[in-house]
Amino acid sequence: MGIQFGRSLCGCLSTAQRREWLVTNGIGGYASGTVAGVLTRRYHGLLMAALQPPLGHTLLLAKLDEVVGYRDRYYPLHGNLWADGSVNPQGYQFIERFFLEGNIPVWQYAFADALLQKRIWMQPGSNTTYIRYTLHRGNQPLTLSLTALANYRDRHGNTQGSNWQMQVESREKGIQVQAFPEAVPWYLLVDAPNSPKITTASDWYWGFDLPVERYRGLSDREDHVCIGKIAIDLSLGESVTLVATTESQPNLDGKAALEERYRYEREILHQWQNCDYLQTQDTPAWIRQLVLAADAFVVDRTLADGSPGKTIIAGYPWFGDWGRDMAISLPGLCVATGRWQVARTILKTFAAYVDQGMLPNFFPDGTNQPEYNTVDAMLWYFQALYVYYQATQDKALLQEIFPVLAAAIAWYREGTRYNIQCDREDGLLYAGTEGVQLTWMDAKVDDWVVTPRMGKPVEVNALWYNALLVMAEFATQVGKSDREYARMAHQVRKNFHRFWSSQWGYCYDVLDGPQGHDGSLRPNQIFAISLPPTELPLFLPEQQRGIVDTVAARLLTSYGLRSLDPQNPQYRGIYGGDRVQRDGAYHQGTVWSWLLGHFATAYWRAYGDKQRAREFLKPLADHLTDACVGHTSEIFDGDPPMHPRGAFAQAWTVAEVLRAWFIPVL
């Protein structure tokens, strides 16, 4: 049995509301909530549809309030947190067990002698959520009454009911909802063994309390509209399925839809387990769970010319697809799971968006026009393609994309946006202009760039060196000269010693910035060990061990690396508060889990001990039962007990554990 919780956790509100669940549909849409069944975020909902896939996230079905009538008694199975501080009802007390069935969350409610199970999943490729109830035990039939609460707002928004009246109409087997004339219509439909009783409504429920939003310094009150009530009689062994969807003619066969989802997840595991390159034998169960979790982030993206493509969602519940996150995550999410055709499609998709040698940073909601404010995304793309090529030897793709890569190197060498250019004196890459954040440490509040890092960042130059070596190898593979790329790489390697401080025994974080060299102890230097090929390292063995030891002593935690040394006066050990407080701590001490993969790789290279390197990844196995169950969080507090923060399911966190576990040091 995999991840599961009993009454001691499910029946305690403080623990059950801290644990969240997530299901996704492969086009950017999702459903999420808490094990307790209460809403704690504005991002919770049973149908958060991607109306402009993979973006345009819009909350449609917020929740279902469930009441069971059994043996002349009524049992509320749902729960609500209210603005006055009350919790009413407290249906979580009837949860006997919660567990994951693959990626499908399952609740088991026990009342009197009856046992009712609930499952939630989404249909791949469709803004369609299934909620299925099955009576597994009981000496009499029961009546399940469901109150549907809806909305129609951007996922980042907040609704106050006011006088807004949705158009709610009965239709065959359910309800049709039109929030306003220009809104996309959607449907709540029923697949039941007996004729359900369905009534429509348009009544507001006021004052839901959202404690997680309060912690984040945001509005913590919301209203939802009741669109109708559904009552169904169930006998032993019978099931009823609710279908929330934007499709006018969805599959209403709940049993068949569930079996389709089972097959989908079995195929993911089959593809991974039967990939000889990965050596999946004797893999622990928690890694298997991450293989399934990886699928949540792989979604469709239609290219500008209308052709199909794929991309990677950076994280749930609030991120879209980001170029840097895609490139960092692809080796773990796709290559380390054996989904090589998916990796190929993603690489081709983003190659079409390269402009002036740069990969898009992100695609904003609304305009969907790419923003290019990142220096390292394109350099990570080289590494992603390299890892893919080592696994597949796909020379056809390499031939196709090589001109894009060659142009990118030329742009970086001669100069592109934001003063990104190669310094001809030392061959190192410089980047930065006032008011713009270009590295992965990209927090910005209005005009305040929290960690500007203008100059020559250490990880950017490790990536630059790596990209040049990759290009030299790729050039020979496609019949081109590798001479210039090898010459440039040699120059970078020769001058990379400038980052080393013999006084401190570790690297400067940034060289040649506006205030000179930045000696802040940050984790970025580990990439100078984890990225370059082992036969052409940037540092001597004793220097590599010195960097790994220093990072381990002052930045390493069970869940990742701190983004700043706790001894630094700018260190912030707790991530929380309003936007200024949160972004001020984002890269000033907050722990980032994705860095753990590169720390493990760096340790492996510095000490040659693969098994011990894997040990650094194992604490995240315990984290799979915390925060978003079955997933890994974006960040953690730098101070103990290191609570999970940020996005509750992050692509590069899942990806980097898988990459470091399966893909050999290259």
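This is a short walk through some strands, helices and single residues of the structure above.

Okay, so before anything else: what we're looking at is a predicted model.

Let's start with the sheet. It's an open one with nine strands, in the order S1-S9-S10-S11-S12-S19-S16-S15-S14, and the pairing is antiparallel. Which strands stand at the edges? That's S1, residues 4–5, and S14, residues 167–171. Each has a single partner strand, so one side of each has no neighbour in the sheet. Then there's helix H4, residues 254–273, which packs on the sheet and touches S9, S10, S11, S12, S16 and S19. The direction of H4 makes about 60° with that of S11.

Inside that sheet, have a look at S9, residues 95–101, and S10, residues 104–111, which pair antiparallel over six bridges. If you want a spot to click on, Glu101 has Ile104 of S10 as its bridge partner.

Next up is S18, residues 221–234. Is this strand largely enclosed or largely open? Well, 10 of its 14 residues are buried, so the rest of the structure largely encloses S18. As for its partners, S13, residues 142–154, pairs with S18 in the antiparallel sense over nine bridges, and in that pairing Ala148 is bridged to Gly228. S17, residues 197–209, also pairs antiparallel with S18, over nine bridges, and there Phe208 has Glu222 as its partner. While we're on strands, a general reminder: in a regular strand, side chains alternate between the two faces of the sheet.

There's a nice hairpin too. S5, residues 55–70, and S6, residues 73–76, pair antiparallel over four bridges, with Gly69 bridged to Tyr74 of S6. The hairpin has two residues between the strands, and Arg71 takes a positive phi near 55°.

Staying with loops for a second, Gly26 sits in the one between S2 and S3. Gly26 comes out at 18% relative accessibility, and because the cut-off for buried is under 20%, Gly26 counts as buried. What does Gly26 touch, leaving aside residues up to four places away in sequence? Val298, Val299 and Asp300. And Ser126, which is 100 residues from Gly26 in sequence, is 7.9 Å from it in space, C-alpha to C-alpha.

On to the helices. H6, residues 323–335, and H18, residues 651–662, pack at about 35° with their axes 7 Å apart, and H6 passes H18 in a left-handed crossing. From H6, the contact includes Arg324, Asp325, Ile328 and Leu333, and from H18 it includes Trp652, Val654, Glu656 and Arg659. What kinds of residues make up this contact? Eight are nonpolar, two polar and four charged.

H8, residues 377–392, has 16 residues and spans 22 Å from first C-alpha to last, close to the 22 Å expected at 1.5 Å a residue. Most of H8 is covered, with 14 of its 16 residues buried. Just past H8, Gln393 takes a positive phi of about 55°.

Last stop, Gln491, over in H11, residues 483–495. Buried or exposed? With 18% relative accessibility, Gln491 counts as buried. Beyond residues up to four places away in sequence, Gln491 touches Arg424, Glu425, Asp426 and Gly427.

That's the tour, thanks everyone.

Key: Residues numbered from 1 in each chain as written. Predicted model: local features only at pLDDT ≥ 70, side-chain atom pairs only at ≥ 80, totals over all residues. Heavy atoms only, no water. Expected span 1.5 Å × (residues − 1). Buried < 20%, exposed > 50% of the residue type's maximum accessible area, 1.4 Å probe, protein only. Axes fitted to C-alpha atoms, helices over the stretch in contact; angles between N-to-C directions. Left-handed = near helix turned anticlockwise from the far one by under 90°. Contact = heavy atoms within 4.5 Å. Nonpolar A, V, L, I, M, F, W, Y, C, P; charged D, E, K, R; others polar. Pairing = 2+ DSSP bridges.
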